[in-house]
Structures are given as C-alpha cells and as structure tokens.
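Below are my notes on the model you sent round. They go from one surface feature to the chain as a whole and then to its interior.

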Amino acid sequence: MTGLQYLHYQAERVERALETLLPPEQAVPSLIHQAMRYSALGGGKRLRAALTLGAAEAIGGQAAGDAALPAAAAIEMIHAYSLVHDDLPCMDDDDFRRGRPTNHRVFGEGMAVLAGDALLTHAFAVLADLPRLSGIPSGTALRVLQTVAEAAGTQGLIGGQVADLLAERGGTVAGLEDPATLLAFIHRHKTGALFRACLQVGAQIGGASAEQLTAVTTFAEHFGLAFQIVDDILDVVGEAEKTGKATGRDVARGKLTYPALLGLDASRARAESSIRAAKEALSHVGPAEAVQPLFSLADFVLSRDF
Ligand code: GRG
C-alpha cells in the first residue's frame, strides 16, 4: 500500500469514529456543536490519526489498531482545535483552511475560540473514556492521557506557538537567540510534539517495549521535522487549490521558516535526510511488513503537494 492509500483507508475509519465521538449537532446549545463538527469533520489528511493507528498496528497488530481508533480520533480533535485557533485574527488571521472558510469566518470569532476550546476538552473526555470505549487497561489510558496532555501544553503545541508568535518579524525569544536554534524549537514544539504523541500513543496501546517506544519516538522526531520543512516549502511553491489554504503567507508575515533560513534546495535536502533517519529508526520497531505503513507515510511526506 502507498502512503496515500493507507491515509485514505485510515481517514475513512477515523471520520466514522469522529462522527460518533463528537457531540451531536442537535445537542443544546446547538451552535457550538455545529462549529466543532465543522472543523473536526470532512477534511484534512488525517495524517496524525494514520500515524497513531500505524504505530499501534505495527506493534500490537490489527486488534491494537482497532483499540487505538478513539485515541486517534481524539488526537485529530486536538489537531483541529489547534488549526481553528491558529487561524484566528489574533494569530495567523487566515480565511481558508481545508479548502473552505475558516471557523471564525463562518461562526464568528467568539464561537471559534469556544469551538477550539471545546474540541480540546472533548478530546480529553474521549481519552479518559478509553477503558470503556476500547477495553484498554486504565493504567495504559492514563499514560496515553499524560502523553497527549504534555504534547498539547507549554512543552508542546502551545510552547511552540508562543515562540512562533514572538519570533514573527524578527522578534527574539529569550534563551533562543540563534535563529536556527529558535526555528528548530518552534518546529519541534508546534508541529513535532503532536506527531511524537501520535506515535507514542499508538505504541503504548500496542503494548510497546521500552526499545520500541524509543524507536517510534525517534521516527516521529525526524518525521515531524521533515513534515514541517515540506509544509514551509509548500507555502512558497505550492498551489492553494491543492493545499486548501492560502500560500505565500509565511513570507508576507515575515515568519522564520527553513526556506527563509536556508533556501529551497537546502531545505529540501534537510527534509530528505530527516525522512531517511525516520525510516532507519523503524528497523527497531518491528519486521518490515509490520512497519510498512509507517514507512510509506514517511515517503508520502516528501511527495505530497497538499
Ligand atoms: C492558538 C492558543 C492556541 C493554541 C494552539 C495554534 C497552536 C496551539 C498550535 C499551532 C498548530 C499548528 C497550526 C501547527 C502547524 C502544523 C501544521 C503544518 C498543520 C497542518 O497540518 P496538516 O497539513 O493539516 O496535517 P490537515 O488539514 O491535513 O489536517
């Protein structure tokens, strides 16, 4: 299976899981549930879900993949929250996401803030319910909760977003004065932390050994860096009809990115070497046929144009 085929296969599964795990649209107050469902359903590559399920299946087989489905859906809720907030006028102020108007353009700013908050909160309610939803032992569910909470917090997504905001238009961040160090910090936290959590959560549900957990973490770190470098490159050379969001925004905002720091060719070479390192780490996770989907997702990162 190619990475794209695997993504489509897992995207369908996670879409169905999200349909049932999200609050129904009719539940009062209906508007917030409409806003949550608008951004969590019907779009996105579902890369984070596919990585979570791919890690669970690589280590624990199909049964572990099935058990990881609600956790994969919860991680997609958190990803959707981060995009809703990232698009707000007080953040990146974007009008399009996933090929349609951003949440605040449809529901207004106040409702978009609340929809993001509600997606984040609801994700943790789902994770706390994993023993009932998937038959996962409570101890594993607690470890999963902690992994995701750390990735979403100030040592993860939020920490990265703070550094990104401070760095805009050449601003400095205390303790991260060197631009290359600052850029690596932003990517490792803002983008990498959630990818790391996906692989770790899948591995935890799959019953990974300490060595396997280390190996998937190494895979995730290289994968996350390559993903973000390619994302930065697509902002320069990509097509909005394919990416589903406006391009050229990083330059317009004076953002610190790999293309801005190194140029396009060196950025591409950096992404390729990161994907090579990510693939190497997979040999410590399991036999070739078990890790094939993760391998193909790594290839997808380099070939994607959306
Ligand atoms: C804003 C208060 C507040 C907190 C959230 C916004 C935020 C913290 C973090 C930023 C998240 C973000 C936008 C990271 C960039 C990562 C990235 C390139 C996301 C796009 O991922 P894709 O391409 O998106 O996988 P799809 O739409 O395919 O799911």
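1. Leu-166 is part of helix 8, which covers residues 157–167. The model is a predicted one, and the values here are computed from it. The relative accessible area of Leu-166 is 44%, so this residue counts as partly exposed, the class between buried (under 20%) and exposed (over 50%).

2. Together with Ile-158 and Val-162, Leu-166 forms a nonpolar patch on the surface, about 240 Å² in area.

3. On the chain as a whole: the protein chain holds 15 helices and 2 strands. Its C-alpha trace measures about 50 × 50 × 35 Å along the principal axes. The radius of gyration is 18 Å, which agrees with the value near 19 Å for a compact globule of 306 residues.

4. The accessible surface of the protein chain is about 12,800 Å², and carbon and sulfur atoms contribute 57% of that. Of the 306 residues, 53% are buried. Among contacts with a separation of 6 or more, 72% join residues 24 or more positions apart.

5. The largest nonpolar core has 89 residues. Those touching the most other members are Leu-47, Leu-51, Leu-199, Phe-219 and Phe-223. Helix 3 (residues 47–86) is the main contributor to this core, supplying 22 residues.

6. Which residues does Leu-51 contact, leaving aside neighbours within four places in sequence? They are Phe-195, Cys-198, Leu-199, Phe-219, Phe-223, Leu-294 and Leu-297. Of these contacts of Leu-51, Leu-199, Phe-219 and Phe-223 are also among the core residues that touch the most other members.

Definitions and conventions
Residues numbered from 1 in each chain as written. Predicted model: local features only at pLDDT ≥ 70, side-chain atom pairs only at ≥ 80, totals over all residues. Heavy atoms only, no water. Patch = residues over 30% accessible without salt bridge, like charges linked within 9 Å, V, L, I, M, F, W, Y side chains within 5 Å. Areas by Shrake-Rupley, 256 points an atom, 1.4 Å probe, with all protein chains shown as cover. Salt bridge = Lys/Arg side-chain N within 4 Å of Asp/Glu carboxyl O. Helix = DSSP H or I, 4+ residues; strand = E, 2+ residues; numbered from the N terminus. Buried < 20%, exposed > 50% of the residue type's maximum accessible area, 1.4 Å probe, protein only. Rg over C-alpha atoms; globule rule 2.2 N^0.38 Å. Contact = heavy atoms within 4.5 Å. Core = buried A, V, L, I, M, F, W, Y, C linked by side-chain atoms within 4.5 Å.
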